[in-house]
Structure formats: C-alpha cells, structure tokens
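Hi everyone, thanks for making time. Let me put the structure up, and then we'll walk through it together.

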Amino acid sequence: MNTLKLVRLVAWGSIAVLTAAMLYLLLAPKPDGGSGVASIGGPFRLAAADGSIVESERLKGRPFALFFGFTHCPEVCPTAMFELSEALKDVGPAAADLKAYFVSVDPERDTPEVLATYLSNFNPSFIGLTGTHDQIASAATGLGVFFEKHEGSAATGYLVDHTASVMVLDREGRLRLVLPFETPAEDIASDLTQLLK
Amino acid sequence: MTRIRIPVRAELRASAVALLAVFAVPSFAHDYRAGDLLIDHPWSRATPGGAKVAGGFMTIRNNGKDVDRLVGGTFDASGIVEIHEMKMDGGVMKMRALEKGLEIKPGQAVELKPGSYHIMFIELKRPLKEGESVKGELVFEKAGRVPVEYKIENLGAKSGSEHHGGHGAPKS
C-alpha cells in the first residue's frame, strides 16, 4: 500500500516537474549560446529612436554599456551621462567599439525621440532605448538594476527611483563592470580601456 | 617721503581695482543677505536638450538665533520650483520633495548641492545655457522673499564656478 502510494507520488511528481520544465523551455526566453557562463545581462528587446529594435542577443561581439534613467531626472542622469561621455573621450579611438545605451525607466514620458534629443548633448553615439514597462523591467532585473515609480507632487507628477550605476557587459554579453554613481571619469576610462583590449 | 607715498598709494589702488576687474569677474562669487541669512552663490547647470527639469544649488548660512526654513521660490526659466532631497541608497537614486521645506538651524550652513538637497526647477521653459544668469527668488518662512540670480555652469559641473580643465564641454 505504502509502496503504491510512493510510486504514485513519484509518478505525479515527475509529471509535474516535466510539465514545468517543458513550459519553461517553451515560454522562457532562450538562454545564451551555451557558453556555460550564467547569462546575467538580459535578455532584452527595446526600441531606439531610429525605429530599430535593440536585442541583447544581437549585441554580442562588442562590449556595451547600459544606464537606466529618465529625462525628468535633474541631476544623477545628466551627471552619469556626462561622466561616461568624458570617459569615452579619454579612452580615445577604441571607444568607437563600445555601444552606450540609456534605457528609460519612464517610458510614459520618454519617447525614443525625446531620448535622442536628450542624449545628443552628451555624445552623438549614445542611444536611447525604451519599451513597455515589462520589457524595461526584464532588462533591468536581468542586470540587478532597480527602478520604482513613486508619487511626486502635483507639479512633478511622479518621480522614479532607480539604480544610478552604469552597467558594462563584455563581448560575450556578461556583466563585467558596475560603475557606481560618481565614479571619476578617469577610472571609468581605465576600466573601459581594459575591457576593450 | 610724503610726495612719493601718494602716487604709490594711488597706483596700488589702481592695481587693486585692475586685479579685481581681472579676477573677480570671471569667477564672480556672488552672495545675498536677507536678515540673518547669507545665501552664497546660487548656481545651476546647463541642461541637455529636451530636459524638463534642472537643479538649483547654493549654500545658505543662518547667522541668527532663530530657525528659518526655505519653503519655496521662483525661477524665471521654469514654471514651478520645489525643494527636494536626493540620496543614494545602495546604488539607487531616491528623490523626494520636502513638503515642509528645508530647515536652516541657527549657526548652521546648509549646502544645496548635487547628490543632496536641491531646488528642483520643474517645467523648464527653455534649456539653460552655460555662462548665463537666470533670475529667481527664494522664499523663506521668516526672511521672506529674496531675489537671487543663478549662474549657469557647465553641464557636468559638480560645484559652482568649477572649471573643467582638459575636458571640453559637450556641445549644447
């Protein structure tokens, strides 16, 4: 009796596990090409101002930097973008190999066009990305980036708390650098130079 | 002796004036007095195109015996002004409006600076350009309304009248 019960339990248990595994394989985003290294960065699929879709899978082969912010951010976002653009100047010609993306955590107000205008002041090569809340959240959580909307005053409407670090991924799409807010441009430059070698 | 002293003094005075003209004008540390409050060097940053907000910074010293409070203000280039606090919490930037304003205790100098307290200019009517001055007002609970001028610094300035030697300012 007990053995039968156990067998039945094991059988149903296996079915449950198998079903879950099947569902995961069917529904979950495809993992990266089987490098054996846990893929932290992504996957994500976001829209740029020129109408193109930027997919994390397709970014492999070149290192890239991601910063999550919003244009209604008075200080941290412009500062981080400014420092990154200064760092890229210090890196020199090799910087052309690094793609830098500003991912909006405020898709309601930041259209791809608003982002493009905003970023052109820092570095013409910076690309603004946006998408649905879920698409952005997927990109953010994949990198350990936090963001949360909260009510502001009647004037501000709302504000968004967000991680202020620049995340840099290597050619294999692995998260390699987390540059906290206020990292000096010189230090960013030396880290990036190393990564671009 | 006396004959010599007079022209020397005059020359000294003239050179002092010339020196002032040369050095004081570019870095122009400007301050404002309102009762017991001393407001030192209000400044802001050039804004990237499309930006709808900016931060205002300064140091406010209370030389009096009573607590005062910065409760609001105006800014010619923006529709709305609020007093905000920003802090970094485990790498996350958090910003909140200070509903009751910013308290300035007697004998205290409160610094409004990037990464901390700031005046938030909301609904910018136009981009702020480096080198210009923008008029505004600060409103204190006790000291009342104080007209000030904000100096607009470089987009990447971390403190007022900072010069970025070697690093070119981005095009705006």
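Let's begin where the chains meet: chain B and chain A bury about 2,700 Å² between them, with 62% of that on carbon and sulfur atoms. Buried area here is the accessible area (1.4 Å probe) that two parts lose on being put together, summed over both.

A word on provenance: this is a predicted model, where local features need pLDDT of at least 70 and side-chain atom pairs count only at pLDDT 80 or more, while totals for chains, interfaces and linings use all residues. Residues are numbered from 1 along each chain as its sequence is written, chains are lettered from A and ligands numbered from 1 in the order written, and side-chain values use heavy atoms, with hydrogens and water left out.

Back to the interface: 38 residues of chain B are in contact (heavy atoms within 4.5 Å) with 31 residues of chain A. Two salt bridges are counted between the two chains, a salt bridge being a side-chain nitrogen of Lys or Arg within 4 Å of a carboxyl oxygen of Asp or Glu. B:K158 and A:E83 form a salt bridge through their side chains, at 2.8 Å, N to O.

Now a residue I like. Is B:E153 buried or exposed? B:E153 is buried (under 20% relative accessible area, 1.4 Å probe, protein chains only). It has no salt bridge, and the nearest side chain of opposite charge, B:K151, is 8.3 Å away; Lys and Arg count as positive, Asp and Glu as negative, and His and the chain ends are not counted.

Note on methods: Buried means under 20% relative accessible area, exposed over 50%, partly exposed in between (1.4 Å probe, protein chains only).
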